[in-house]
Amino acid sequence: GRIKPAIAFASAQSKLPLPAQGRRVLGYGERTQYGASSKGMVIETRAGAQVTSPCDGWIVYAGEFRSYGHILIINAGGGYHVLLAGMSQIDAAPGQFVLAAEPVGTMAGAGKSDQSTAAANAPVLYVEFRKDGRPVDPDPWWVAGQQKVQG
């Protein structure tokens, strides 16, 4: 098994798969409901959706963090880290090397509710890229066609 990224993260622009299928509800730099500028992107997924690693890298954190719920932080190398938050279950452990598109978690499952309530309570995945501790726009990294996920 490989224990280092196939390509440097900085060279992976336009090559990474989105970590989950769904509808983008907030993009990088857009205003959040609290008036702040978003440091990442938010994808509304289906209940129980599988979450995959968007890149090759080492898991540096997997677990609960403050009020953010389950988060996963991947060291993609070259000073880059990828943060995924909002999963109900994480299937990776610190120290583990993961490949791009490898399953790493699951979104919250479907509850017992009608269709309209289910849509209003759809799980959301937060994705943030950081370079040397500072947030960067993830849009240039997604495979062509995926960066324009809209609802």
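Strands are runs of at least two residues that DSSP assigns as E, and they are numbered from the N terminus. In this predicted model, Pro-135 is found in one such run, strand β11. The chain as a whole contains one helix and eleven strands. Read from the N terminus, the order of elements is β-β-β-β-β-β-β-β-β-α-β-β. The chain has 151 residues, of which 35% are buried. Among contacts with a separation of 6 or more, 61% join residues that lie 24 or more positions apart.

Several individual positions illustrate such links along the chain. Pro-135 has a relative accessible area of 25%, so this residue counts as partly exposed. Apart from neighbours within four places in sequence, Pro-135 is in contact with Tyr-28, Lys-39, Phe-129 and Arg-130. The C-alpha atom of Pro-135 is separated by 9.5 Å from that of Ser-38, although the two residues are 97 residues apart along the chain. A second example is Leu-18, which is located in the segment before β1. The C-alpha atoms of Leu-18 and Trp-142 are 6.4 Å from each other, while 124 residues separate the two along the chain. Leu-18 counts as buried because its relative accessibility, 11%, falls under the 20% limit.

The interior of the model was examined next. The largest nonpolar core comprises 28 residues, and those touching the most other members are Phe-9, Leu-72 and Leu-84. At least two residues of this core are supplied by each of β2 (41-44), β5 (70-77), β6 and β10. The greatest contribution is that of β6, with four residues.

Phe-9 deserves a fuller description. With residues up to four places away in sequence not counted, Phe-9 touches Leu-16, Cys-55, Ala-76, Gly-77, Tyr-80, Val-82, Phe-129 and Trp-141. The relative accessible area of Phe-9 is 4%, which means that this residue is buried. Phe-129, one of the residues touched by Phe-9, is likewise classed as buried, because its relative accessibility is 0%.

The aromatic residues were then considered as pairs. A pair of aromatic rings is described by two quantities, the distance of the centres and the angle of the planes. Eight aromatic pairs are found in a search of the whole structure. One of them is formed by Phe-9 and Phe-129, whose ring centres lie 5.4 Å apart and whose planes make an angle of 70°, an edge-to-face arrangement. This pair connects distant parts of the chain, since Phe-9 belongs to the segment before β1 (23-26) and Phe-129 to strand β10, with the two positions 120 residues apart. Ring pairs also join Phe-9 and Phe-129 with Tyr-80, Trp-141 and Trp-142 in a cluster.

Empty space in the model was also assessed. Rolling a probe the size of a water molecule over the atoms shows where such space is left. The largest pocket has a volume of about 670 Å³. Its lining consists of 22 residues, and Thr-32, Val-42, Tyr-68, Ala-85 and Tyr-126 are the closest to the centre of the pocket. Two elements, β6 (80-87) and β10 (124-131), give two or more residues to this lining. The largest share comes from β10, which provides five residues. By residue type, the lining is made up of twelve nonpolar, six polar and four charged residues. Both β6 and β10 also supply residues to the largest nonpolar core.

Finally, the backbone geometry was inspected. Most residues other than glycine have a negative phi. Ser-14, although not a glycine, has a positive phi of about 70°. Ser-14 lies in the segment before β1. With a relative accessible area of 48%, Ser-14 is below the 50% limit for exposed residues and therefore counts as partly exposed. Asp-132 is also not a glycine and has a positive phi, here of about 50°. The position of Asp-132 is in the loop between β10 and β11 (134-136). The relative accessibility of Asp-132 is 60%, so this residue counts as exposed.

Methods: Residues numbered from 1 in each chain as written. Predicted model: local features only at pLDDT ≥ 70, side-chain atom pairs only at ≥ 80, totals over all residues. Heavy atoms only, no water. 1 Å grid on protein atoms, 1.4 Å probe; cavity = no way out; pocket = protein on both sides within 12 Å on 5 of 7 lines; lining within 4 Å. Points joined across faces, edges and corners; volume = space filled by probe spheres on them. Nonpolar A, V, L, I, M, F, W, Y, C, P; charged D, E, K, R; others polar. Core = buried A, V, L, I, M, F, W, Y, C linked by side-chain atoms within 4.5 Å. Buried < 20%, exposed > 50% of the residue type's maximum accessible area, 1.4 Å probe, protein only. Contact = heavy atoms within 4.5 Å. Phe/Tyr/Trp six-rings, centres within 6.5 Å; stacked < 30°, edge-to-face > 60°.
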